[in-house]
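Colleague: Before I use the labels on this model, I'd like to hear the reasoning behind them. Show me the picture, and then let's go through it.

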Amino acid sequence: MPADADDSRPELLNELMSTALEEAAAAIDHGDVPVGAVVARLTSGEILARRHNEREITGDPTAHAEVLALRDAAQAIGSWRLDGCILVVTLEPCPMCAGAALNARLPEIAFGAADPKAGALGSLYPLGVDPRLNHNIDVHPGVRAAECALLLSTFFAARRA
């Protein structure tokens, strides 16, 4: 995002997280963990892709919301390099998803709920800022974290009931 647009960043992240939360809720309809992801252009906020987890419905262990959104965004712009984009996701990405974001050269990721069991952007692993890697990601944790965490905890409580 351009430096003169810094004042609009919280508003943009809030709007993008609203879309990610909508996607996350859609995952519940087919029994998937409610995680939603959005890829948008940093300069305009234009949404290039929006997806939710589809592991259960597809039987694909890689069908995490982030990976699906990154694939769709790359297709939308015609390049695997998403260096002008941001990924906004309801749950801190796992190592696979953080690795995909690094490989896509995303400059920024915002997430809602932290994931102490599998989070790879600070909670368990610091992949986004590992100095041994050739690329780093600016990470914005805790965007609407309470809402994101509530969606997940409600889903798992219902499954255990």
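**What the labels rest on**

Modeller: Let's start with one bridge: Gly-36 has His-52 in β2 as its partner. Keep in mind that this is a predicted model.

Colleague: Fine. What makes β1 and β2 a pair of strands?

Modeller: The cut-off is at least two bridges. Five bridges join β1 (residues 36-41) to β2, so the two strands count as paired. They run antiparallel.

Colleague: And how do you know that β4 pairs with β3 and with β5?

Modeller: By that cut-off of at least two bridges again. β3 and β4 share five bridges in the parallel sense, with Val-88 opposite Ala-110 in β4. β4 and β5 have three, also parallel; there, Ile-109 has Val-139 in β5 as its bridge partner. Both pairs therefore pass.

Colleague: Why is the pairing in the sheet called mixed?

Modeller: The five strands form an open sheet in the order β2-β1-β3-β4-β5. β1 and β2 run antiparallel, while β3 and β4 pair in the parallel sense. The twist averages 15° from one strand to the next.

Colleague: Which strands are the edges, and why?

Modeller: β2 (47-52) and β5 (138-140). Each has a single partner strand, so one side of each lacks a neighbour in the sheet.

Colleague: What makes β4 mostly covered?

Modeller: Buried means under 20% relative accessible area. In β4 (residues 108-113), six of the six residues are buried.

Colleague: Now the helices. Why is α1 described as roughly parallel to α5?

Modeller: Helix α1 (residues 9-28) and helix α5 (residues 145-160) pack at about 5°, with their axes 11 Å apart. Angles under 35 degrees count as roughly parallel, so that is what this pair gets called.

Colleague: What kinds of residues make up the contact of α1 with α5?

Modeller: Eight are nonpolar, none polar and one charged. On the α1 side you find Met-17, Leu-21, Ala-24, Ala-25 and Ile-28; on the α5 side, Glu-147, Cys-148, Leu-151 and Phe-155. Glu counts as charged, so Glu-147 is the charged one.

Colleague: And what would you call the direction of α3 relative to β2?

Modeller: Helix α3 (residues 65-77) lies across β1, β2 and β3 (85-91) and runs at about 150° to β2. Over 145 counts as roughly antiparallel, so that's the word for α3 and β2.

Colleague: Last one: which elements make the right-handed β-α-β unit?

Modeller: β3, helix α4 (residues 95-103) and β4.

Conventions
Residues are numbered from 1 along each chain as its sequence is written. This is a predicted model: local features need pLDDT of at least 70, side-chain atom pairs count only at pLDDT 80 or more; totals for chains, interfaces and linings use all residues. Side-chain values use heavy atoms; hydrogens and water are left out. Helices (H or I, at least four residues) and strands (E, at least two) are DSSP runs, numbered from the N terminus. Axes are lines fitted to C-alpha atoms, for helices over the stretch in contact, and angles run from 0 to 180 degrees between N-to-C directions. Contact means heavy atoms within 4.5 Å. Angles under 35 degrees count as roughly parallel, over 145 as roughly antiparallel, 65 to 115 as roughly perpendicular and the rest as oblique. Buried means under 20% relative accessible area, exposed over 50%, partly exposed in between (1.4 Å probe, protein chains only). A crossover is right-handed if, with the strands pointing away from the viewer, the path from the first strand over the helix to the second runs clockwise.
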